[in-house]
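Please walk me through this model in the viewer, one selection after another, and tell me what there is to see at each stop.

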Amino acid sequence: MSSSTPTNRESGTDTQGNRRGRLKVFLGYAAGVGKTFRMLEEGQRLKRQGIDAVVGYFEPHDRKNTIARSEGLEVVPRRKLSYRGSSFEEMDTAAILQRHPSVCLVDEMAHTNVPGSERPKRWEDIHVLLDAGINVYTTLNVQHLESLNDQVFQISGIRVRETVPDWVVKQADEVVMVDATTGALLNRLKRGEVYDPEKAQRAVENFFKESTLAALRELALRQTARELELREEEISQASESSRAEQPIGAQTQDRILIHLTADPSTAMLIRRGRRVADFMGAECFAVFVSPHPDLASLPKEEREAVEKHLNLARNLHIETRVLEGGDAAETLVDFARRNQVTQIVLARPRYGWLSRLPGGNFPLKVIRKATDMRVVIVAERRQTH
Amino acid sequence: MVNEPHRRPKPEEFLAQAEQEERLKHRGRLKVFLGYASGVGKSFQMFDEGRRRRERGEDVVVCGVQPQYPPEVAAVLQRLEVIPTWKIGEAECIDVPAVIRRHPQVAVIDGLAYDNPPGSPNAHRWQDVEQLLEAGISVVASVNIQYLERLHDEIERITGKRTPYIIPRGFLDNNADEIVVVDAPAMESLLRGAAPADRAALAAEEHKLSQLRELALLVAAGVVDRQLERYLRSHGMDQSWGVQERILVCVTPRSNAASMLESGRRNAERFHGELYAAYVQQPALSRKDRAILRQNLAYAHQLGAHTESLRGLQPADAILKFAREKGITQIFVGHSLREGAWRRLWSSMIDRLIRSAEGIDVVVYPH
């Protein structure tokens, strides 16, 4: 089992001695809080200090104040692509690599590139820049963090489609909160400073409700505090382990096992498991128990769902296993025990008539067998929105 | 909150709201830019807001400034009208009568936590601000969290110092209509100020500032949480929000209460949430069991848990009813070690709990 999530913040140089670029993320809770403005402002300051900072991509959204802030900064022209008869503009990563500035400002980290682009996601383009030793400043809203997807849905009633895996943000050297009060944000929206009137009207009906915004703001503040805490912990751990004779195993390490199934609730379970593991500094892995020796013999629909979930887990840097076993509860608990798991995480089932049959209640079966570890039955949070 | 029944506000809630509205009608509004240290960029953000408001046609006046500014701040300040401060010896203080005569819509004050020199009408600058608010002038001000009385102990734990100027406990809670946190990496604020040249001293200072930074973010999150609660209440909605984790530990004489409570507290701390402990009253407890129960509840109390004793024929139902009232997100229960009938009884309780705990996690603890 590998450790929870590899980070390379402290690694600095690769084997060839090239320095990896530093990543700074401006985190906000909605469009219009001032992330882009702040990023450009810092770009201007760098330029004044004589640092070679350029704009790799920025979305003006017709915002007067933001556009004014970009004046005087060099902009690398965008790349034009056509897709299904329409033309699109994307960041020109190759051109930025060629220009090779010291710092590159890249708006909207969660953006999905138009099909036909070299890489599907903008955060992947950002990684290419970092690998080339270019420092990157970027912007992100808290609702685009993969592990918060369910919580955001619960708060806003909106399923955010464009997400960024948490480890990508964890690798950032700095996460800075760009704050604005919900009142100020709603005023900006009313004055037409965020969107055009038609889009603003739709926004007020969806994301831009005062209670939704306040909850997202709280989420962003807590997330930034948490990111900061993680970095501090890492630093203090690094300085502790550099001190000689650290007793091995002195710290009880939590190990979390997620039970992966074809059920749609598994996606939520994986994100929750990842989040809890991150908070506890625990190792995390996911297991699917298959009644057949290989996945290929599963019915097509089930196989596809399981594969989708295995991929989601891997994307979130969770180690996955497929085990064969006729009795899922027994196979799961055996595996957990052999691997010193401290917590098994299950989804709360949809209770139907089957669960009333003897032995038909899966969580209860696991609880009865796993008397020596914690069993967490995770419920889909009620949509409070 | 489509699924939540809309509760009518109680008469006293209406009254409190009406009084609040009446007070706000005549009073100026206070907006505070909260930062964790000097050099995070509070002044720039605040003056820039002043500039934007002025460009939108609001009558904005600056009446409290710091002696020195970096060029980008000075540039913004140049575009604003400034009412000069009084100078008494070395100390500068706000010319409150002049500001009231000028009566702008908005007064911008950089640095809320100053003491006025002896002989001034008000001993503290926050009292000047109160006077301006009373006069119907809105105030936009910056403050460093290190000067908040409410955080005094935590600040001292982090910095090892007690700070001289203090904003009293209730001032921001009662007056600040809006709080914005101004965030920046610790190293950046250090490099803008007087950073120690020595590497080890710099790292230590960075660590200290990072802790203050985290504190500022959490203070702001707490303020937003309370505002959200007020908003939901004033709109007749009950609190059932999922941003904050609320953990309920079910205590029985038999369960491994101490380790559950400790784990619950760690969890609550990690998620910056709240901890509750409850037990369901049972008939005919032995004297020994009663003593253990008392001990467990005392321990819960000591760990900062809100404790509660519940009544109900079905323990699972009593627990769930309480959990729903408090907006609990996780219920901790202990595993039963006993065999036979007791175990079957326990199993059916757990089963009932899991089945009915829609929207709430159930965590079963080993012994």
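Two residues are taken to be in contact if their C-beta atoms, placed from the backbone, lie within 7 Å. The model is a predicted one, and the tour begins where the two chains meet.

Select chains A and B together and colour the residues that touch across them: the contact takes 47 residues from chain A and 49 residues from chain B. On the side of chain A that touches chain B, the elements that each supply at least two residues are α5 (149-156), β8 (174-177), α9 (210-242), α10 (265-280), α13 (362-369) and β13 (374-378) of chain A. Highlight α9(A) next, since the largest share of that side, 14 residues, comes from this helix. If you then recolour the side of chain A that touches chain B by residue class, you will find 21 nonpolar, 12 polar and 14 charged residues.

Now move to β13(A) and show it with strand β13 of chain B, residues 361-365, with which it pairs in the antiparallel sense over three bridges. For one of the individual pairings, select A:Ile377, whose bridge partner in β13(B) is B:Val362.

The last stop lies in chain B: select B:Phe47, which is found in helix α2, residues 42-55. Is this residue buried or exposed? B:Phe47 is buried, because 28 other C-beta atoms lie within 10 Å, where 20 or more are needed to count as such. Leaving aside residues up to four places away in sequence, display the residues that B:Phe47 touches, namely B:Val73, B:Val76, B:Leu77, B:Leu80 and B:Val108. For B:Val73, which is 26 residues from B:Phe47 along the chain, a distance label between the two C-alpha atoms should read 7.6 Å.

Methods: Residues numbered from 1 in each chain as written. Chains lettered and ligands numbered in written order. Predicted model: local features only at pLDDT ≥ 70, side-chain atom pairs only at ≥ 80, totals over all residues. Helix = DSSP H or I, 4+ residues; strand = E, 2+ residues; numbered from the N terminus. Buried ≥ 20, exposed ≤ 12 C-beta atoms within 10 Å, placed from the backbone. Nonpolar A, V, L, I, M, F, W, Y, C, P; charged D, E, K, R; others polar. Pairing = 2+ DSSP bridges.
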